[in-house]
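Me: Please take a close look at the pockets and the enclosed space in this structure, and at the residues and elements around them. I would be grateful for one connected account.

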Amino acid sequence: MKRVALLGATGSIGRQAIEIVEAHPELELCAVASGSTPLDGIDAPLKQVGGDLTQLLDEADPDVVLNAVVGFAGIHATLWAMEHGVDLALANKESLVAAGELATAAQARGGGRTLPVDSEHSALFQCLEERRPEQVHTLVLTGSGGPFRGRTRDELLNVTADEALAHPTWIMGPKITIDSATLANKGLELIEAHFLFGIPYEQIEVVIQPTSIVHSLVRFRDGAALAHLGYPDMRVPISYALTYPDRAATPLQPLDLTALTLEFQAPDLETFPMLALAREAGEKGGTYPCAYNAANEVAVAAFLAGRLPFLGIAELVADALERTDGSPARDLEELVEVDRAARAFADERLAVA
């Protein structure tokens, strides 16, 4: 029996994870948590709404932590799992983006595994199969391009939150859906891939694959390329992470190869600058990725609340990156301060806009 602590139980990932656990008798929920939503309909011995997630994890003693918390708020649980050598099923990419060096060091001390739940990183994980980094030529992250693929900047001047939330291939929570519309999600995934797999940024590429059938691929130094294909359904990477190293059955239909048309495009970095800003932040290193993530979280919330236009998201993040000095954080306390300062700057900018 594998004991699962599910954090972010009421979000999109959390609800699908509960389906997976209920369908597999070798899995059991030992603890569930949400930020503010009641957990009355979920059967687990330990439940927590809000509060300190690390205290819940201490009490739960899980075999695997599925961290599906949204944003920087998930960082303490990520570091707890890494420090304790507990398998981490990671859907909270922001914590690894913000705390890359600290997380890498914590995992080296704890010795546990990180099993990515993002569809792209799960695909890369499976294509790599623990091959050494020197065998890899390029990691290729794919993305649908979001609801505004093909539009110009002028066509994005007055887009609404409802339009941005209408993702063409995935059903996700509001924050990640807006990140997909701006390509910030690909930027966060770029930084996450660097820390997950130890591959330099210059060897990580992003391409647009509109149907979301190719979840990512790896080019190897011998000229071969391995791709992971499947219908866009998060139950696949969730199940893989929770039942690893087995591949448990899921209720999805087999991929119909005769019905597929695979198309790839380069991302439009001029219209969607959030991807280029993320690469720049990642390459600079230190706490630049933390500032990028913090400012983006504030900007997305402001856009959803009608306080910021769609194109203003990237402008606000670019200003925040210029404002930070990017010095590496020596510990979590310093990282939290960088996150706080970036959010404070973004809030100030919004107040005078």
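Reply: The account below starts with the pockets and then turns to the cavity, the salt bridges, the backbone and the surface.

The model is predicted, and the description that follows rests on that model. Rolling a probe the size of a water molecule over the atoms shows where empty space is left.

The largest pocket has a volume of about 820 Å³. Its lining comprises 46 residues, and those nearest the centre are Ile13, Val70, Met172, Gly173 and Ile176. Several elements each give two or more residues to this lining: helices H1 (12–23), H4 (93–98), H6 (119–128), H8 (174–182) and H9 (184–197), together with strands E7 (136–143) and E9 (214–220). The most is given by H8, with five residues. By class, the lining of the largest pocket divides into 14 nonpolar, 24 polar and eight charged residues.

The second largest pocket holds about 490 Å³ of space. It is lined by 21 residues, of which Thr114, Phe125, Glu130, Leu196 and Phe197 are the closest to its centre. Two or more residues of this lining come from each of helix H5 (100–110), strand E6 (114–116), H6 and H9. H6 and H9 are also listed among the elements that give two or more residues to the lining of the largest pocket. The lining of the second largest pocket has 13 nonpolar, four polar and four charged residues.

Glu130, one of the residues closest to the centre of the second largest pocket, deserves separate attention. Glu130 lies in the loop between H6 and E7. Although Glu130 is not a glycine, its phi is positive, at about 65°. Most residues other than glycine have a negative phi, and most peptide bonds are trans. Glu130 counts as exposed because its relative accessibility is 68%.

Enclosed space is a separate matter. The count comes to one cavity of 30 Å³ or more, and the largest cavity has a volume of about 60 Å³. Its lining consists of Arg153, Thr182, Thr271, Phe272, Pro273, Met274, Phe310, Leu311 and Ala314. Six of these lining residues are nonpolar, two are polar and one is charged.

Charged side chains form the next part of the picture. Side chains of opposite charge can pair when their charged atoms come close. The structure holds 18 salt bridges. In one of them, the side chains of Arg131 and Glu129 meet at 3.8 Å, N to O. Arg131 counts as partly exposed because its relative accessibility is 33%, whereas Glu129, at 57%, counts as exposed.

A salt bridge also links Glu205 with Arg219, whose closest N and O atoms are 2.8 Å apart. Glu205 belongs to strand E8 (residues 204–208) and Arg219 to strand E9, so this pair ties together parts that are 14 residues apart in sequence. E9 is among the elements that give two or more residues to the lining of the largest pocket. Both partners count as partly exposed: Glu205 has a relative accessibility of 28%, and Arg219 has a relative accessible area of 31%.

Helix H11 (residues 274–284) contains Lys284 and Glu280, which are separated by about one helical turn because they are four residues apart. Their side chains meet in a salt bridge at 3.3 Å, N to O. Lys284 is partly exposed, with a relative accessible area of 48%, and Glu280, at 38% relative accessibility, is also partly exposed. Elsewhere, salt bridges that share partners join Glu94, Lys175 and Asp179 into one network.

Two further backbone features concern loops. The peptide bond from Tyr244 to Pro245 is cis, with omega near 10°. Pro245 is found in the loop between helix H10 (235–243) and H11. Asp61, in the loop between helix H2 (53–60) and strand E4 (64–67), is not a glycine but has a positive phi of about 50°. Asp61 is exposed, with a relative accessible area of 56%.

The surface completes the account. Leu229, Leu257, Leu262 and Phe264 make a nonpolar surface patch of about 370 Å². Of these residues, Leu229 is found in strand E10 (residues 225–229) and counts as partly exposed because its relative accessibility is 35%.

How values were computed:
Residues numbered from 1 in each chain as written. Predicted model: local features only at pLDDT ≥ 70, side-chain atom pairs only at ≥ 80, totals over all residues. Heavy atoms only, no water. Patch = residues over 30% accessible without salt bridge, like charges linked within 9 Å, V, L, I, M, F, W, Y side chains within 5 Å. Areas by Shrake-Rupley, 256 points an atom, 1.4 Å probe, with all protein chains shown as cover. Salt bridge = Lys/Arg side-chain N within 4 Å of Asp/Glu carboxyl O. Buried < 20%, exposed > 50% of the residue type's maximum accessible area, 1.4 Å probe, protein only. 1 Å grid on protein atoms, 1.4 Å probe; cavity = no way out; pocket = protein on both sides within 12 Å on 5 of 7 lines; lining within 4 Å. Points joined across faces, edges and corners; volume = space filled by probe spheres on them. Nonpolar A, V, L, I, M, F, W, Y, C, P; charged D, E, K, R; others polar.
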